[in-house]
Structure formats: structure tokens, C-alpha cells
Amino acid sequence: MKKAELMDYDKALELFEPVLGFEVHVELNTKTKMFCGCANEFGQGANTNTCPTCLGLPGGLPQVNAKAIESSIRLGLALGCEIAEYSRFARKNYFYPDTAKNFQTSQYDEPIAFNGQLTIELESGRLVTVDIERAHMEDDAGKLTHVGGATGRIQGADYSLVDYNRGGVPLVEIVTQMIEGGEADSPEIGRTYVAAIREIVKALGVSNARMEEGNVRCDANVSLRPRGSGKLGTRTETKNVNSLRSVERAVRYEIQRQAALLAAGGTITQETRHWHEDTGITSAGRPKSDADDYRYFPEPDLVPVAPSRAWVEELRATLPEPPAARRKRLQADWGFANLEFQDVVNSDLLDAVEATVAAGASAQSARKWWTGEVARLANVAGVSADSLVEPAQLAALIELVTAGTLTDRLARQVLEGVIAGEGTPLEVVEIRGLAVVSDDGPLIEAIDLALASQPDVLAKIRDGKVQAAGAVIGAVMKAMRGQADAARVRELVLERAGAAE
């Protein structure tokens, strides 16, 4: 795929003002789908969680999931929205193979929540207030897999397969007002805003919020207008971006692409665009439809949703601590420097570190292991770090290190065993025989052997060149297969060297 001409980012901002908008789709973690009793489970066999209702077959009548309504209201409240006294569902008509009904059951002119506001903080400390137009309920589409071809896209594929398991899963779509004045921070605003939404839904417990599983997806709208003109440009909508880093990259790319096209006298097509994670570019999708094109009309098989004001206030009382306040509290409690704390936040490991600390580990140890070895193993496996190991298990591992039962090197081997399903950290230590040798007897035996085999090193140590002991320590650690405390070995090496004849 040919890469579009791009303008230097700083040059693009000299000529144009970016205007942004985001539509974030949050998949709710209800036990069943939005309008039927099929299981809402990720990763099941293709087309196993389906029924006549979610497949749109004749005679299949929808029934609203009450838990989805509750979750939607709580999310709306957390976003500072007003909750409608009366809202209704509508049919959004369009044909696409992953939509078995040939329409999506959504909300149009009467959403459940509207007029919200969310303030986000950028890494520079700049505060940006994002106005939220609406948060409405709908059901998700199925999933297409395009087989053959080089890109995994429909273009060039030999054929396509459709899995309707996701069809009918409850969604809340959060739509912002136009975001102006972002300037050079525009890509970071996109990433930080989506991160804030994700943090909120995790805190509420209404979504698993795993972007790699599609629980949170972002459609990023970008347009440019000539600087100072005040006239809005034509927007593009980059669809279904499913990582925070990709949201930032997609916004930056579209600014550079559109700027180069406009500066060359071209025009922007109002269209959806696909984001390509591997190459870091967007490509044209389909012309973007306006609301009239969808021929919305009220869903005749569903009654309106009219939550009582008393129930809304009861749900308001269940809201957790706001994420921004929680971050400030945790940083103060843990005593992390700004860079240390930002490292945890950027790695999306705040929950994991908090849970590990709650399980008994020190904050610094929890941060070290999650952002270090666990993150490394997760990167190799291509999964999220918090899916590899339970916080309680990591806390137990850290305790073994703190107690001197394990060195960091041995602990890394134990962690691999835990991840492989061999048991708890203590069980892996016993199964693999990885505990630190605490008896000085075997250590002294190995040290004396190493000193005898390196008389030149022994002479240097006796002459006061203590740093020469490193060679002996290394030999002993190798002989003990790493199952020795290096500090204790050093003490004994110096002791034995002084005592040797």
C-alpha cells in the first residue's frame, strides 16, 4: 500500500488548525447480550453464542438487558452527563455482512445520557476540558475475517468469514463535541481522552476494558482549517482504533496527510479510514454517511427507557472515586516521583500495581516487577502484562525475594513457572529446586575450590585489591547455579581469602 505524502508536523500546524472529535465504543461486560439471552463471552467458538433474535431471524423479538441500562446510566453519570427521563431505541439502517439484521439497534435523537464534560490532564500539566455530546446505547456488530491477500483487509482477500458471536453485545457509544484549540497537543489529547474513558469504565466495573479484545474502540475524527479562517474543514473518521498509542499515531498521521493534500491544492474526502498498525498509516474506507442516510426510525419492538429520578440518584451514590483523584492519592501514598508514576500509568499497570501493594508488596517492588520483567514477558508473548500473572501471585513472589529465599535472578525463573501454570511461587520454588542456598557449608566448599583454582586472584585479594574478588564470586555463583546470595558469597570470599594459607 502506497504511503501518502506527509507534511512535517510543525509545518502543518503553522498552516492549519486541527479540529478533533472522538467516538469511543465501550463494550459492556454484562453476562448476556443487549437484546437477547445469549452469553456475552469473548473467545468462544465461532457463531456459538447466537440465537434467532441476535441473528435477526423472523419471529425473534428483542428484550432490553436491564443490567446494560444500569451500566449505561452509571457511565453517563461518571462522565458528568444528564440522564434522560425518557429515551428510546431506533433502527439505524445499513447493510454490511457483519450485521445480520441489516440494521443496528441504537439510539438516535433521544439518547440515555447527554451534555457531559470530562477534564483530562496532559503530561505537560495542561488541562483540557472535553465536552461530551451524548452517550447512547446500542448493540455491536459481528466480526469479519478476510482470508487471503496480504493485508487482512477485504481488498485482495479470497473470501470472508463472519462470526456473529459479538453481534448484539451491549455497547455505549460516547460522542464528543468538536475539540478545538488542541494545536500541537492534538495527538496526545486523543490518547489521553481515550485513556481517561477506559480508566473510568474500569473503575465503574462496567467493562473489561481490554482494548486488544475490542472492549474499548475509538473512531477518531480529524479535520483541518486554514489558520485564522474560522471555517471548518472536511473531516475523516479513522475507525476502530484499538490501542492508546494507535489513537495518538492515527491523529498525528491524519494531520500530516491532510495538511500535505490541502497545501498541494487537493481536497479532503469525507470518508471512513482504516488504521494499519503495522505500517502506521490510514487508508480510505467508504464515503462517510450522514444521519439521513441511515433512515433512522423508532424501534417498534422496544418500549422507551424511563428511569426514575430516585433510581438515578441511587446509581449516582455507587460511583467510585474519580480516576484523577485516585491517581493523585496513589502517587502520594506510594511516594513515587512523577516519572515513576507516569511510567506505571503509561504502561496501563496502575490497577495491577495497586492490587499487588494491597496484597502485601512494597510499592517500589511492585512497580519494578510489573514494569520490568512482567512487561518484558508480556511483550514477548504479545499480550497485556496484567493478563500474565495475578497480583497476589506477584506479591507472593516479591515476598520470597524480600525474605531472601530467592534472588532476583531465581525469581525471574519462578515467575516463568507461575506463568506456565506450574503452581504458586512457593510451589514452583519447590518443584524446580530454586531456593537460595542458605547453608554456608556448600558455599564455603565452592569458594575454597574457586580460590584454589585462581591463585593469582587470591594473591590480589590479599594485597588489598578487593575488586578482584568478582572473578571468584562469579565462579561460585555459576557453580551454585545462581542459587546463592551474591552479597553473602562476597563476605565469605573475603573471609576465606584472608584465612587461606
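Me: Before we look around, what do "buried", "partly exposed" and "exposed" mean here?

Reply: Buried means under 20% relative accessible area, exposed means over 50%, and partly exposed lies in between (1.4 Å probe, protein chains only). This is a predicted model, in which local features need pLDDT of at least 70 and side-chain atom pairs count only at pLDDT 80 or more, while totals for chains, interfaces and linings use all residues. Residues are numbered from 1 along each chain as its sequence is written, and side-chain values use heavy atoms, with hydrogens and water left out.

Me: Why is Arg91 called buried?

Reply: Its relative accessible area is 17%, and buried means under 20%, so Arg91 is buried.

Me: What makes Arg91 and Asp301 a salt bridge?

Reply: A salt bridge needs a side-chain nitrogen of Lys or Arg within 4 Å of a carboxyl oxygen of Asp or Glu. For Arg91 and Asp301 the N to O distance is 3.4 Å, so the pair meets the rule. Arg91 lies in strand β3 and Asp301 in the loop between β14 and α5 (309-316), so the pair ties together parts that are 210 residues apart in sequence. Helices (H or I, at least four residues) and strands (E, at least two) are DSSP runs, numbered from the N terminus.

Me: And why is Asp301 called partly exposed?

Reply: Asp301 has a relative accessible area of 36%, and partly exposed is the range between under 20% and over 50%, so the label fits.

Me: How do you know that β3 pairs with β4?

Reply: Two strands pair if DSSP finds at least two bridges between them. Four bridges join β3 (residues 90-93) to β4, and the two run antiparallel, so they count as paired. One of these bridges has Ala90 partnered with Ser106 in β4.

Me: Which strands make up the open sheet, and in what order?

Reply: The order is β4-β3-β14, with antiparallel pairing. β4 (103-106) and β14 (297-298) each have a single partner strand, so one side of each is left without a neighbour in the sheet.

Me: Why do Cys36 and Cys51 not count as a disulfide?

Reply: A disulfide is a pair of cysteine sulfur atoms within 2.5 Å. The sulfur of Cys36 is 3.7 Å from the closest cysteine sulfur, in Cys51, so the two are too far apart for a bond. By this rule, the count of disulfides is zero.

Me: Is Cys36 itself buried or exposed?

Reply: Cys36 is buried, with a relative accessible area of 14%.
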